[in-house]
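Subject: The model, and some notes to go with it

Hello,

Here is the structure I promised to send over. Please have it open while you read, as my notes follow below.

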Amino acid sequence: MQTITTTDDLKTFCDRAKGKPYVTVDTEFLRERTYYSKLCLVQLALPGQDPADAVLVDPLAEGLSLDPMLDLFRDESIVKVFHAARQDLEIFFIDHGVIPVPLFDSQVAAMVCGFGEQVGYETLVKKITKQQVDKSSRFTDWSRRPLTDAQKTYALADVTHLRQIYEFLAKKLEDSGRERWVREEIGILIDPETYISRPAEAWKRVKTRSNSVRFLAVVQTLAEFRETHAQSRNVPRNRVFKDDALVELASTKPQNLQDLGRSRLLLREARRGDIADGILAAIQAGLNLPADQLPTVRTERDKVQVNPALADLLRVLLKAKTENSGVASKLIAPTSDLDLIASGERDVAALRGWRREVFGEDALRLCAGEVALATKGKQVVVIEI
């Protein structure tokens, strides 16, 4: 098991990758105590059975530059294969401004190829390669050195089995003509906007029960302060204060440190110092936000009334389409999309691209009363009216 710790050795491996059809990639990182992920290990594997075709790259090694690997990621003649790539891609984009292209995500491909909802890597290994993956090292501290042999074996398995998985899924997609479907999904993963966090929009992730615009204005300014503080200190946002404390603060609107001390949910560290000052300033900013800058709330169920009977029919149609196509139902249309369609909304992901072919077209015809659903044996079928 080769562990690369020098730039020259990394360049040698990346030079070997030139002319290869693909390289499989995975990472190990830590994020429990930081806002941004700390990259601790990169695993790379090329097609073939030579032990030199699979390596570990130690980004924590002193003097190691990842530039040769980043150049490999930019090489559009070589497919970069990941499983559940989103977190890995976020690291490379945030740390280096690079998103590997062209990209193949075996989790997305597996959902298109009939392996179920968000199928795990070990499941694919078992079903496709007939091997087992030892996950006992999964939650170890990847920042500690030296790495154990068990850690190295586990890490390499995440890219060596992925070679066979990629070749199997790529062939299955080619045979079924569904390559374009996966490319549409990959388009989201390689879009830099997917990985840009804007503090001013952080409030949209906070669940609240009130739609009072002034209350939401305070939620917005508190969430923006929390996100900015967490980013600047590189600490998890929940270490600043948690969502339930944020909602409590937006409701009680403390005006001074004495008021702040009465909070039931605020961490002790947040009742003094920079965080306390920031909280009080954010609350005042939310209370003083001009009317034309108040947040607007547009919830799906508030826009138009959902037709519950039609929503139920759409769920039956989706189940039938899922069974016929083998594509995971959540990939085609989450429940929220079905409710939107049943309420009359048409700007919905389930009605665009490949989803429209698989489900959306018949969903619209069902809404228009042009088709009906019937049973044929154990199957649900679409019939013309």
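Let me begin with a proline: Pro 102 sits in the loop that runs between helix H3 (86–96) and strand E6 (103–105). The peptide bond leading into Pro 102 from Val 101 is cis, and its omega is near -10 degrees. Please keep in mind that this is a predicted model.

There is another cis bond to look at, between Arg 145 and Pro 146, with omega about 0 degrees. Pro 146 belongs to the loop between helix H5 (121–129) and helix H6 (149–176). On the other side of H5, the loop that joins helix H4 (106–112) to H5 holds Gln 118. Gln 118 is not a glycine, yet its phi is positive, near 40 degrees. I point these spots out because most residues other than glycine have a negative phi, and most peptide bonds are trans.

Now for the overall layout. The chain is split into domain 1 (2–195), domain 2 (199–288) and domain 3 (302–384). Between the C-alpha centres of domain 1 and domain 2 there are 37 Å. Five residues of domain 1 and eight residues of domain 2 take part in their contact. Together the two domains bury about 550 Å², with 51% of that on carbon and sulfur atoms. Which residues of domain 1 lose the most area to domain 2? They are Arg 33, Tyr 35 and Tyr 36, which together account for 83% of what the domain 1 side buries.

The helices are next. Two packed helices are described by the angle between their axes and the distance between the axes.

Helix H8 (residues 213–233) packs against helix H10 (residues 243–252) at an angle of about 135 degrees, and their axes are 9 Å apart. H8 is therefore oblique to H10. The crossing of this pair is right-handed. On the H8 side, the contact is formed by Phe 215, Val 218, Val 219, Leu 222, Ala 223 and Arg 226, while H10 brings in residues including Asp 243, Leu 246 and Val 247. Sorted by class, the contact between H8 and H10 has nine nonpolar, one polar and two charged residues.

H8 also meets helix H12 (residues 273–287); here the axes come within 8 Å and cross at roughly 145 degrees. This crossing, too, is right-handed. Among the H8 residues in the contact are Arg 214, Ala 217, Phe 225 and His 229, and among those of H12 are Asp 274, Ile 275, Gly 278 and Ile 279. The classes here come to ten nonpolar, four polar and three charged residues. If you would like a place to zoom in, try Val 218 and Leu 222 of H8: they are listed in the contact with H10 and in the contact with H12.

Further along the chain, helix H14 (residues 308–325) and helix H17 (residues 353–367) have axes that come within 10 Å and cross at roughly 150 degrees. H14 is therefore roughly antiparallel to H17. Their crossing is right-handed. H14 supplies a run of leucines, Leu 310, Leu 313, Leu 314, Leu 317 and Leu 318, along with Lys 321 and Ser 325. Facing them from H17 are Val 358, Phe 359, Asp 362, Ala 363, Leu 366 and Cys 367. By class, the H14 and H17 contact has ten nonpolar, one polar and two charged residues.

Happy to talk any of this through whenever suits you.

Best wishes

How values were computed
Residues numbered from 1 in each chain as written. Predicted model: local features only at pLDDT ≥ 70, side-chain atom pairs only at ≥ 80, totals over all residues. Heavy atoms only, no water. Axes fitted to C-alpha atoms, helices over the stretch in contact; angles between N-to-C directions. Helix = DSSP H or I, 4+ residues; strand = E, 2+ residues; numbered from the N terminus. Parallel < 35°, antiparallel > 145°, perpendicular 65-115°, else oblique. Left-handed = near helix turned anticlockwise from the far one by under 90°. Contact = heavy atoms within 4.5 Å. Nonpolar A, V, L, I, M, F, W, Y, C, P; charged D, E, K, R; others polar. Domains from an automatic or database assignment. Buried area = accessible area lost by both parts, 1.4 Å probe.
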